[in-house]
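Here are my notes on this one, in no strict order of priority. Have the model open while you read, since the points go residue by residue.

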Amino acid sequence: MAGPLELTEAGTGAPLVLLHAFPLVPDMWAPQVEALSSRWRVVTPFLDFTRHPSMEAMADAVAELVRGLDAGPVVVGGLSMGGYVTMALLGRHPELVRAAVLADTRDGPDSDEVRERRTRQQAQVAAEGTTPVVEAMAEALPGPTTKRERPEVVAHVRELMGRVAPEWVIAALEAMKVRTGSTGVLAASAVPVLVVVGDEDTVSPPGVARDMAAAAPSGRLAVVAGAGHLSNLENPVAFNAELEAFLS
């Protein structure tokens, strides 16, 4: 049943809405909340795809959240799956977006290979629970530098992933699998867009990010060193520096 998104927020000032990745939870943004909440009202909703079962429905739910902030257009950012929702919001409700941050994400739809993998993951979660998928993704998403030098980050990622329910994982996989993508949204955007990518991201690699930044009329690319697909957690100092420079 659809309804308002659950959220947490910290700080005062202009709102900054941050949308989490799959299969994580809003607490993945803790390093950004800590760095920015002295100057921004950082809002981190949980993207409940069991109640809003498509990227379009989720974008509409985020739009309702933004309207409820009563602050006019706001800065919205998302990482990976959160980036998909951010772009859907930018396409469907551009009047609500003051600027956009797209981290370790892509604007195209899934390939056939990725859709097939998501279908297999859905079946595995239905049969075995989330543990096998969490273990596989906790290994696949961080970059080699993180796994070699910062194993505590990998452990934290695994713990965050372990909080999500099987039915949510299946619903989120379905929403990602059937999305049409947002090709053309960035080219039509009239707002500043920061595209961030870890230099070791193999899921949404730097070349994809470079093309996205080039497509946006006011696009800017930031590459985070020593980070894979979860650049905000793997190198939060560099990620936050790029984010703060953009926001200022």
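1. Let's begin with Asp70, which is exposed because its relative accessible area is 72%, over the 50% cut-off. Keep in mind that this is a predicted model. Asp70 sits in the loop between α2 and β4 (74–79). Its backbone deserves a look too: phi of Asp70 is near 55 degrees, a positive value in a residue other than glycine.

2. Now put Asp104 beside it. Asp104 also has a positive phi, about 45 degrees, although it is not a glycine. You'll find Asp104 in the loop between β5 (97–103) and α4. Is Asp104 buried or exposed? It counts as buried, because its relative accessibility is 1% and the cut-off is under 20%.

3. Next, the cis peptide bond. Phe22 and Pro23 are joined by one, with omega at about -5 degrees. Pro23 belongs to the loop between β2 (15–19) and α1 (30–36). Phe22, on the other side of that bond, is one of the residues that touch the most other members of the largest nonpolar core, along with Phe49 and Met81; that core has 83 residues. The element giving the most to this core is α2, with 9 residues. Leaving out residues up to four places away in sequence, Phe22 touches Met81, Met137, Leu141, Trp168, Val169, Ala172, Leu173 and Met176.

4. On to helix packing, starting with α2 and helix α3 (residues 81–92). Their axes are 8 Å apart and the helices pack at an angle of about 75 degrees. That angle falls in the 65 to 115 range, so α2 and α3 are roughly perpendicular to each other. From α2 the contact uses Met55, Glu56, Met58, Ala59, Asp60, Val62 and Ala63, while α3 brings Met81, Tyr84, Val85, Ala88, Leu89 and Arg92. By class, that makes 10 nonpolar, no polar and 3 charged residues. Met81, on the α3 side here, is also the core residue named in point 3.

5. The other pair to check is α4 with α5. Here the axes come within 8 Å and cross at roughly 130 degrees. What does that make them, in terms of orientation? The two helices are oblique to each other. Gln121, Gln124, Val125 and Glu128 of α4 meet Pro132, Val133 and Met137 of α5. The residues of this contact split into 4 nonpolar, 2 polar and 1 charged. Met137 turns up again as one of the residues touched by Phe22.

6. Salt bridges: the structure holds 16. Two that I'd look at sit within single helices. Arg67 pairs with Glu64, the closest N and O atoms being 2.6 Å apart; both lie in helix α2 (residues 55–69), 3 residues apart, about one turn of the helix. Arg67 counts as partly exposed, at 39% relative accessibility. Arg115 and Asp112 meet at 2.3 Å, N to O, and this pair is also 3 residues apart, about one turn of the helix, in helix α4 (residues 112–128). Arg115 is partly exposed at 27%, whereas Asp112 is exposed at 52%.

7. A further salt bridge has a longer reach in sequence. Arg158 and Glu135 have their closest N and O atoms 3.1 Å apart. Arg158 is in helix α7 (residues 151–161) and Glu135 is in helix α5 (residues 131–140), so the pair ties together parts that are 23 residues apart in sequence. Both ends count as partly exposed: Arg158 has 29% relative accessibility and Glu135 has 37%. There is also a network of salt bridges linking Asp27, Glu159 and Arg163.

8. Last, Arg41. Arg41 is found in strand β3 (residues 41–45) and is partly exposed, with a relative accessible area of 22%. Leaving aside neighbours within four places in sequence, Arg41 is in contact with Glu9, Ala10, Gly11, Thr12, Gly13, Ala14, Pro15, Leu16 and Leu69. The C-alpha atoms of Arg41 and Val17 are separated by 8.3 Å, and the two residues are 24 apart along the chain.

How values were computed: Residues are numbered from 1 along each chain as its sequence is written. This is a predicted model: local features need pLDDT of at least 70, side-chain atom pairs count only at pLDDT 80 or more; totals for chains, interfaces and linings use all residues. Side-chain values use heavy atoms; hydrogens and water are left out. A salt bridge is a side-chain nitrogen of Lys or Arg within 4 Å of a carboxyl oxygen of Asp or Glu. Helices (H or I, at least four residues) and strands (E, at least two) are DSSP runs, numbered from the N terminus. Buried means under 20% relative accessible area, exposed over 50%, partly exposed in between (1.4 Å probe, protein chains only). Axes are lines fitted to C-alpha atoms, for helices over the stretch in contact, and angles run from 0 to 180 degrees between N-to-C directions. Angles under 35 degrees count as roughly parallel, over 145 as roughly antiparallel, 65 to 115 as roughly perpendicular and the rest as oblique. Contact means heavy atoms within 4.5 Å. Ala, Val, Leu, Ile, Met, Phe, Trp, Tyr, Cys and Pro count as nonpolar, Asp, Glu, Lys and Arg as charged, and the others, Gly among them, as polar. A nonpolar core is a set of buried Ala, Val, Leu, Ile, Met, Phe, Trp, Tyr and Cys residues joined through side-chain atoms within 4.5 Å.
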